[in-house]
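Reader: I should like to go through this model by question and answer, beginning with its sheets. Please keep each reply brief.

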Amino acid sequence: MQLKTVENYEEMSRVACSVIIQRIQQLENPVLGLATGSTPEGLYKQMIEQYKQKNVSFESVRTFNLDEYVGLTKENEQSYDFYMKDNLFQHIDIDQANTHLPNGVAADLDKECIDYEARIEQAGGIDVQVLGIGLNGHIGFNEPGTNFSSRTHIIDLAPSTRKANARFFEDLAEVPEKAITMGIETIMQSKEILLLVSGEKKAEAVSRMIKGEISEEFPASILQKHPNVTVIGDEAALSLL
Ligand code: GLP
């Protein structure tokens, strides 16, 4: 794993954005894996800014998001579909048909998981996957105990994850109990991973991810085995290393 220590959230977002723009410029048909949560919001702002300044075009870009809540429609403001449009897609020149998220309201969710994997494969796999990390070490929504050989699947959200994400909802009861997420193996097959992390409250998780035992009990620890991971973190988040 490569570590890039930056000063703060702003710089983390700028550094991540510059790597992504480089890849978009280097690759003929770039495929980006995207994440949600608070962490990548600054990155998406930077990407929009760079687009407005005509430093990048997203016309050739295809995207696949890590995950989606089960039971929330695209119109629901808490859905990750809504988040992506609101925070990125509607502000740039990407073709909406090239943006993919798992459908959390598909009639047949098992089939949706298989189809999502097939769509990623058809696109040639993910070139650069953006990741955040949950306090319990989850990546995407792969909670502790998820099999390292998992592909896109349905998962029961850990009570602690529902609590952590309740800040985006009116109250805890509204946070869905299940999600559809790329599996650990899906994530591990991306050619490159950029893991973004900011703030003291993530410091322990980051230290366990980088220095801890590789175990399904702490999903992010598997990233130690990926050949091309860059952790872009601010000083607070990397303070326990
Ligand atoms: C969420 C998402 C993850 C994200 C993580 C951390 O539940 N499913 O993809 O990385 O939790 O979120 P945040 O960046 O808001 O701390």
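Reader: Over how many bridges do β1 and strand β10 pair?
Author: This is a predicted model. In it, β1 and strand β10 (residues 229-234) run in the parallel sense, and K4 stands opposite I232 in β10. The number of bridges between β1 and β10 is 5.

Reader: Which strands are at the edges of the open sheet of 7 strands?
Author: The strand order is β1-β10-β9-β6-β2-β3-β5, and the pairing is parallel. An edge strand here pairs on one side only. That applies to β1 (2-6) and β5 (99-100).

Reader: At about what angle to β9 does helix α1 run?
Author: Helix α1 covers residues 9-26 and lies across β1, β2 (31-34), β6 (128-131), β9 (192-197) and β10. Its angle to β9 is about 165°.

Reader: By what angle are neighbouring strands of the open sheet of 3 strands turned against each other on average?
Author: This sheet has antiparallel pairing in the order β4-β8-β7, with β4 (67-69) and β7 (153-156) at its edges. Direction ignored, the average turn between neighbouring strands is 25°.

Reader: Which residue in β8 does E68 stand opposite?
Author: β4 pairs with strand β8 (residues 178-181) in the antiparallel sense, over 3 bridges. Opposite E68 in β8 stands I180.

Reader: Is C17 buried or exposed?
Author: The cut-off for a buried residue is under 20% relative accessible area. C17 has 2% relative accessibility, so C17 counts as buried.

Reader: How many disulfides does a search of the whole structure find?
Author: A disulfide is a covalent bond between the sulfur atoms of two cysteines. The search of the whole structure gives a count of 0.

Reader: How many residues apart are Y44 and Y83?
Author: These two rings form an edge-to-face aromatic pair, with 6.4 Å centre to centre and 75° between the planes. Y44 belongs to helix α2 (residues 41-52) and Y83 to helix α3 (residues 80-87), so the pair links distant parts of the chain. The separation of Y44 and Y83 along the chain is 39 residues.

Reader: Why is the pair of Y69 and F169 edge-to-face?
Author: Planes over 60 degrees apart count as edge-to-face. Y69 and F169 have ring centres 5.6 Å apart and planes at 85°, so the pair is edge-to-face.

Reader: Which residues do ring pairs link into a cluster?
Author: The structure holds 8 aromatic pairs. Y44 and Y83 are buried, and both Y69 and F169 are buried. The cluster consists of Y44, Y69, Y80, Y83, F141 and F169.

Note on methods. Residues numbered from 1 in each chain as written. Predicted model: local features only at pLDDT ≥ 70, side-chain atom pairs only at ≥ 80, totals over all residues. Heavy atoms only, no water. Pairing = 2+ DSSP bridges. Helix = DSSP H or I, 4+ residues; strand = E, 2+ residues; numbered from the N terminus. Contact = heavy atoms within 4.5 Å. Axes fitted to C-alpha atoms, helices over the stretch in contact; angles between N-to-C directions. Disulfide = S-S within 2.5 Å. Buried < 20%, exposed > 50% of the residue type's maximum accessible area, 1.4 Å probe, protein only. Phe/Tyr/Trp six-rings, centres within 6.5 Å; stacked < 30°, edge-to-face > 60°.
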